[in-house]
Amino acid sequence: MPVLDPLSFECISHGEEQTQRLGLRLGVLLTAHAVIALTGPLGAGKTQFARGVGQGWGALQGLRSPTFTMVQEHHRARDGQSLYHVDLYRVEHEADLRTLGLEEILDDEESVCIIEWADHAGTLIPQDAINLHLEIHNQSKRLLTFSTHSPTTWQVLLAFRKKAFGV
Ligand SMILES: Nc1ncnc2c1ncn2[C@@H]1O[C@H](COP(=O)(O)OP(=O)(O)O)[C@@H](O)[C@H]1O
Ligand SMILES: [Mg+2]
């Protein structure tokens, strides 16, 4: 697992279960106000990863592709906090982001937010977000690149890497 620069690392997922499991391991580490920004082409595994995040975070219901609703709010029993699962695939204009209320969701300090097609969010993605880019290598293999611009968030990613890969 090469370290590309101080605040990013990459790994290979060999199947959908592995991608989901990685999401779960990250999901348990999330604290309020965390944002995960997912990018990568259709079928790369963004929703698969989000599913795992929801499980790890403790969502009462399974995460599914929110493509048609664009935003789905999930809850957990422990503290009643919300997880927003957002899909910006259909977003083409800044006005769409306003309609969705993405800014308000990201401002909510009690919630966590996971965004598919985060590259459609313009400048709204906070600089301390966890970024995950997924690339398709072949039918079952995906290259996952985790990164952040924030030294604080980097500590979360290091804890995640340690738990998931032991390094
Ligand atoms: N290693 C892998 N990780 C994630 N998904 C995989 C992997 N290998 C195959 N797949 C398949 O790729 C598809 C990913 O779909 P999905 O998570 O909905 O992608 P996206 O949300 O990026 O469009 C699923 O059909 C899944 O079974
Ligand atoms: Mg998806």
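Me: Which residue, lying in the loop between β6 and β7, has a positive phi although it is other than glycine?
Reply: This is a predicted model. In the loop between β6 and β7 sits Trp117. A phi near 55° is a positive value, and it belongs to a residue other than glycine, Trp117.

Me: Is Trp117 buried, exposed or partly exposed?
Reply: A residue counts as buried if 20 or more other C-beta atoms lie within 10 Å of its own. Trp117 has 20 other C-beta atoms within 10 Å, so Trp117 is buried.

Me: Is His33 buried, exposed or partly exposed?
Reply: His33 lies in the loop between α1 and β3, and has a positive phi of about 80° although it is not a glycine. The limits are 20 or more other C-beta atoms within 10 Å for buried and 12 or fewer for exposed. His33 has 15, so His33 is partly exposed.

Me: How many of the residues of α2 are buried?
Reply: Helix α2 has twelve residues. Its buried residues include Lys46, Thr47, Gln48 and Trp57. Among the elements covering them are α1, β3 and β4. The helix is mostly covered, and the number of buried residues is ten.

Me: Which helices each supply at least two residues of the shell around ligand 1?
Reply: Of the 17 residues around ligand 1, those that come nearest are Thr19, Gly45, Lys46, Thr47 and Gln48. One helix covers 16-27 and another 46-57, and each supplies at least two residues of the shell: α1 and α2.

Me: What phi does Gly58 take?
Reply: Gly58 comes just after α2. Its phi is positive, at about 110°.

Conventions:
Residues are numbered from 1 along each chain as its sequence is written. Chains are lettered from A and ligands numbered from 1 in the order in which they are written. This is a predicted model: local features need pLDDT of at least 70, side-chain atom pairs count only at pLDDT 80 or more; totals for chains, interfaces and linings use all residues. A residue is near a molecule or strand if its C-beta atom, placed from the backbone, lies within 6 Å of it. Helices (H or I, at least four residues) and strands (E, at least two) are DSSP runs, numbered from the N terminus. The expected span of a helix is 1.5 Å times one less than its number of residues. Two residues are in contact if their C-beta atoms, placed from the backbone, lie within 7 Å.
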